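Biologist: I should like to learn how to read a protein model, one feature at a time. Where should I begin?

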Amino acid sequence: MAVTPFEKENSSIRGLARMYIADCFAVSNISLIMGKNGLFVSMPSYKTNQIDENNRSVYRDICFPVTAEFRGKLNALLTDAYEKSVAEVQEQIRGQEEGFMPGQDFPDMNLPTR
């Protein structure tokens, strides 16, 4: 699973994800959207020729979770991956602001290594 966080002015999209299933099948363009009740996952979709009752275009999902249980698991996995990606980006920004570049050793700091 790969999540790329970003923010665009006047957009509720907070990130895009790609999910790999059993290392055999990939699903791209999964959106992480900030809604009224928090972050949620929106599966890839396409615009139809239909118009709804509010005169807006109708979109249909290309792929989607079939059960509520799997939808919940998928939502949790993707939002967790998004939050980790945001934390990594913020850490990189902090390091650059302090004069450190990603991958550079931090002087005089006792940091754990992998």
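Modeller: Begin with the elements: helices are DSSP runs of H or I with at least four residues, strands are runs of E with at least two, and both are numbered from the N terminus. This is a predicted model, in which local features need pLDDT of at least 70 and side-chain atom pairs count only at pLDDT 80 or more, while totals for chains, interfaces and linings use all residues. Residues are numbered from 1 along each chain as its sequence is written, and side-chain values use heavy atoms, with hydrogens and water left out.

Biologist: Which pattern of elements does the chain follow along its sequence?

Modeller: The order is β-β-β-β-β-β-α, that is, six strands and one helix. Between strand 2 and strand 3 there is a loop that contains Ala22. Another loop, between strand 1 and strand 2, holds Asn10.

Biologist: What is the sign of the phi angle of Ala22?

Modeller: Consider the general idea first. Most residues other than glycine have a negative phi. Ala22 is not a glycine, yet its phi is positive, about 50°. Asn10 likewise has a positive phi, of about 60°, without being a glycine.

Biologist: Are Ala22 and Asn10 buried or exposed?

Modeller: A residue is called buried under 20% relative accessible area, exposed over 50%, and partly exposed in between (1.4 Å probe, protein chains only). Ala22 counts as exposed because its relative accessibility is 63%. Asn10, at 79%, is exposed as well. In the whole chain of 114 residues, 21% are buried.

Biologist: How should I read the pairing of strand 5 with strand 6?

Modeller: Two strands pair if DSSP finds at least two bridges between them. Strand 5 (residues 45–51) and strand 6 (residues 57–61) are antiparallel and share four bridges. In one of these positions, Ser45 has Asp61 of strand 6 as its bridge partner. The two strands form a hairpin with five residues between them, and Asn55 in the turn has a positive phi of about 65°.

Biologist: What does Thr48 touch from its place in the hairpin?

Modeller: A contact requires heavy atoms within 4.5 Å. Thr48 belongs to strand 5 and contacts Val58 and Arg60, once neighbours within four places in sequence are set aside. The C-alpha atoms of Thr48 and Val58 are 5.7 Å apart, although 10 residues separate them in sequence. Thr48 counts as buried because its relative accessibility is 15%.

Biologist: Which residues make up the largest nonpolar core?

Modeller: Such a core is a set of buried Ala, Val, Leu, Ile, Met, Phe, Trp, Tyr and Cys residues joined through side-chain atoms within 4.5 Å. The largest one here has 12 residues: Val3, Ala17, Met19, Val27, Ile30, Leu32, Val41, Met43, Leu74, Leu78, Ala81 and Tyr82. Strand 2 (13–21), strand 3 (25–35) and helix 1 each supply at least two of its members. The largest share, four residues, comes from helix 1. Beyond four places in sequence, Met43 touches several residues, including Val27, Ile30, Phe64 and Leu74.

Biologist: How well does the length of helix 1 agree with expectation?

Modeller: The expected span is 1.5 Å times one less than the number of residues. For the 30 residues of helix 1 this gives 44 Å, and the end C-alpha atoms lie 43 Å apart, which agrees. Strand 1 (2–5), strand 2, strand 3 and strand 4 (38–42) are among the elements that cover its buried residues. One of those buried residues is Ser85, with a relative accessible area of 14%. Leaving aside neighbours within four places, Ser85 contacts Val3 and Pro5.

Biologist: How many salt bridges are there?

Modeller: Side chains of opposite charge can pair when their charged atoms come close. The rule asks for a side-chain nitrogen of Lys or Arg within 4 Å of a carboxyl oxygen of Asp or Glu, and the count is two. Lys73 pairs with Glu69, with the closest N and O atoms 3.5 Å apart; both lie in helix 1 (residues 68–97), four residues apart, or about one turn. Lys73 is partly exposed at 48%, whereas Glu69 is exposed at 56%. The other bridge joins Arg94 to Glu91 at 2.8 Å, N to O. Arg94 and Glu91 are three residues apart in helix 1, so about one helical turn separates them.
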